[in-house]
Amino acid sequence: MSEKKQSSVEWFAKKVKDYCNKTGREPSYHQIGEWLKEAKAMHKDEIETAYKSERYPCSDWDAQDYYNQTFGE
């Protein structure tokens, strides 16, 4: 059985929880911002991958274009 893939939201929540458990305090706004940048990039990849999986053939450019048109990036 394969391991469940972690979503970007789950990854972010785990980062915050692990940090709090390890240090006994909340992360700084700067640290949260850095994690959010990483999570946003992961989320973009998740959306593009899902878009490509529903269409064949689908180029990387098509998936990026879909993301940009849908989310205004």
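In this predicted model, helices α2 and α3 lie oblique to each other. Helix α2 covers residues 29-53 and helix α3 covers residues 60-71. Their axes come within 9 Å and cross at roughly 120°. That angle falls outside the 65 to 115 range for roughly perpendicular and is not over 145, the cut-off for roughly antiparallel, so the pair counts as oblique. As for handedness, the crossing of α2 and α3 is right-handed.

Quite a list of side chains turns up where these two helices touch. From α2 come K40, K44, I47, E48, Y51 and K52, while α3 brings D60, D62, A63, Q64, Y66, Y67, N68 and F71. Sorted by class, the residues of this contact split into 6 nonpolar, 2 polar and 6 charged.

One of the α2 residues in that list, E48, deserves a look of its own. Is E48 buried or exposed? With a relative accessible area of 9%, E48 comes in under the 20% cut-off, so this residue counts as buried. Setting aside residues up to four places away in sequence, E48 touches A63, Q64 and Y67, and these three appear among the α3 residues that meet α2.

Now for the other pairing, α1 with α2. How are two packed helices described? The angle between their axes and the distance between the axes do the job. For α1 and α2, the angle is about 160° and the axes are 8 Å apart. An angle over 145 counts as roughly antiparallel, which is why α1 and α2 are put in that group. Here, too, there is a handedness to report: α1 passes α2 in a right-handed crossing.

On the α1 side, the residues involved are S8, W11, F12, K15, V16 and Y19. They meet I32, W35, L36, E38, A39, M42, H43 and E46 of α2. By class, this contact holds 9 nonpolar, 2 polar and 3 charged residues.

S8 gives a close-up of this meeting place. It sits in helix α1, which runs over residues 8-23. S8 has a relative accessible area of just 2%, and because that is under 20%, S8 is buried. Which residues does S8 contact, leaving aside its neighbours within four places in sequence? The answer is A39, M42, H43 and E46, and each of these is listed on the α2 side of the contact with α1. With H43 there is something extra: the side chains of S8 and H43 are joined by a polar contact of 3.4 Å.

Technical notes
Residues are numbered from 1 along each chain as its sequence is written. This is a predicted model: local features need pLDDT of at least 70, side-chain atom pairs count only at pLDDT 80 or more; totals for chains, interfaces and linings use all residues. Side-chain values use heavy atoms; hydrogens and water are left out. Helices (H or I, at least four residues) and strands (E, at least two) are DSSP runs, numbered from the N terminus. Buried means under 20% relative accessible area, exposed over 50%, partly exposed in between (1.4 Å probe, protein chains only). A polar contact is a pair of N or O atoms within 3.5 Å; within protein, one must be able to donate a hydrogen and the other to accept it, and residues adjacent in sequence count only if both atoms are side-chain atoms. Contact means heavy atoms within 4.5 Å. Axes are lines fitted to C-alpha atoms, for helices over the stretch in contact, and angles run from 0 to 180 degrees between N-to-C directions. Angles under 35 degrees count as roughly parallel, over 145 as roughly antiparallel, 65 to 115 as roughly perpendicular and the rest as oblique. A crossing is left-handed if the near helix is turned anticlockwise from the far one by less than a right angle, and right-handed if clockwise. Ala, Val, Leu, Ile, Met, Phe, Trp, Tyr, Cys and Pro count as nonpolar, Asp, Glu, Lys and Arg as charged, and the others, Gly among them, as polar.
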